[in-house]
Amino acid sequence: MLKVSKHIQDLKAYKPGMSLESIKNKHNLSKFYKLSSNENLAGCSNEVKKVLVKAIESAHFYPDPQCTKLKQNFSDFYKIKTDYLSFGNGSNEIIDILIRTYCNPIEGEKVLTSQGAFIAYKVCAQAARLEVKQCPLNKNLGFDIDAIKKAINEDAKIKIVFIANPNNPTGTYVSKDELLSLVLFCKDKNILLIIDEAYNEFVTATDFPKTLDWVKTYNHVAVIRTLSKAYALAGLRLGVLIANPEIISYFDKVRNPFNVNSLVQAGASAAIKNTDYLKQIYENNKQGLSFFYKSFDSLKIDYTKSQANFILFDCKQDAQDFCKQLLTKALVLRPLLPYGFKTQVRMTVGPMEQNQKAVKILQDYFNKA
Ligand SMILES: Cc1ncc(COP(=O)(O)O)c(C=O)c1O
């Protein structure tokens, strides 16, 4: 047998939500409400579709390794210079590369995050043979910034801190003041603070931080965004890294040269220019969340208010069994055992007709129980 390090032996691989194909193969139902992976079920805009069809004509060429046009378009959109930008094959790849770039397992360097934070931070760190420290979430299921500072004070080996803002799977957020205090704290300790804003486009909170300004001021802050959520391009894979040019240049050294395919380079440029589409998605999400809040209130289901395109609720029973039962009724939800939540379930906001259908299935379930 070939030998594998203990980190890899102990690694619990990230388990994504079930794909539609695997659900269809397992269950004999023609239509499913797949509210399990925080995808944008409205699909991408017609403009993006047209651009993608055209881009296929050039698919025999390797993609532009510098993503020149894409970078210029994001630079215009974010109002930040092009040398503050790079891209990944989804933001997951950016997480992975930043960890490998900045944390050295031989020196015993570590990654710090929270127990209920997006799980890829832990998986990528362990795959890079690093130790991961996790602070508990606070009582409102948000990042506990004081606990994070305390953990940093107690361990000089912490090199990277990850904050998902808003967080998946809780939908909670860290306010501008709180996060700025952590930015300053990490600066003093020479720690890379990675702020993952995968759900930034859905945020309604007025005290949510404007982190792209911080990136220009602080050279230890990196922001990650994605086209997988609001922009409905999860299948094409594009993550955006916004950070000071030094971080970008190291990231570019480590990434594979053709990590961003030509279809997504074309499609994403069209997607970010379409501000009307984004407004519509934002409004639909706001309405979907208030519909869920109202419905859950009347069903007496406990839930956490969300700044993202999903909601976390307590099904008050084993969440895995609960989700299995709902699957037979064509509703696909996400149990969260790997995050340490035994009875909490995550449900994505979809187009209103799908939200209504999902609530109807939940009503029938709970009224019968
Ligand atoms: C907080 C957060 N970050 C990053 C990702 C990864 O997104 P992607 O790799 O599709 O860009 C997700 C996906 O669910 C997420 O919830």
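In this predicted model, the shell around the ligand comprises, by class, three nonpolar, six polar and three charged residues. The residues that form these surroundings are Gly-90, Ser-91, Asn-92, Phe-118, Asn-168, Asp-196, Ala-198, Tyr-199, Thr-226, Ser-228, Lys-229 and Arg-237. The space that the ligand takes up is the second largest pocket.

Several residues of the shell place polar side-chain atoms beside oxygen atoms of the ligand. For Thr-226, a side-chain N or O atom is found 2.6 Å from an oxygen atom of the ligand. In Tyr-199, an N or O atom of the side chain is 2.7 Å from a ligand oxygen atom. A distance of 2.7 Å also separates a polar atom in the side chain of Ser-91 from an oxygen atom of the ligand. On its own, the ligand has 400 Å² of accessible area, of which 93% is covered by the protein.

At the level of the whole chain, two domains are assigned. Domain 1 is made up of two segments, 10-39 and 276-368, whereas domain 2 spans 58-273. The centres of domain 1 and domain 2, taken over C-alpha atoms, are 25 Å apart. To the contact between them, domain 1 contributes 27 residues and domain 2 contributes 30 residues.

Key. Residues numbered from 1 in each chain as written. Predicted model: local features only at pLDDT ≥ 70, side-chain atom pairs only at ≥ 80, totals over all residues. Heavy atoms only, no water. Near = heavy atom within 4 Å. Polar contact = N/O pair within 3.5 Å; in protein donor to acceptor, adjacent residues only side chain to side chain. Areas by Shrake-Rupley, 256 points an atom, 1.4 Å probe, with all protein chains shown as cover. 1 Å grid on protein atoms, 1.4 Å probe; cavity = no way out; pocket = protein on both sides within 12 Å on 5 of 7 lines; lining within 4 Å. Sits in = over half its atoms within 2 Å of the grid points. Nonpolar A, V, L, I, M, F, W, Y, C, P; charged D, E, K, R; others polar. Domains from an automatic or database assignment. Contact = heavy atoms within 4.5 Å.
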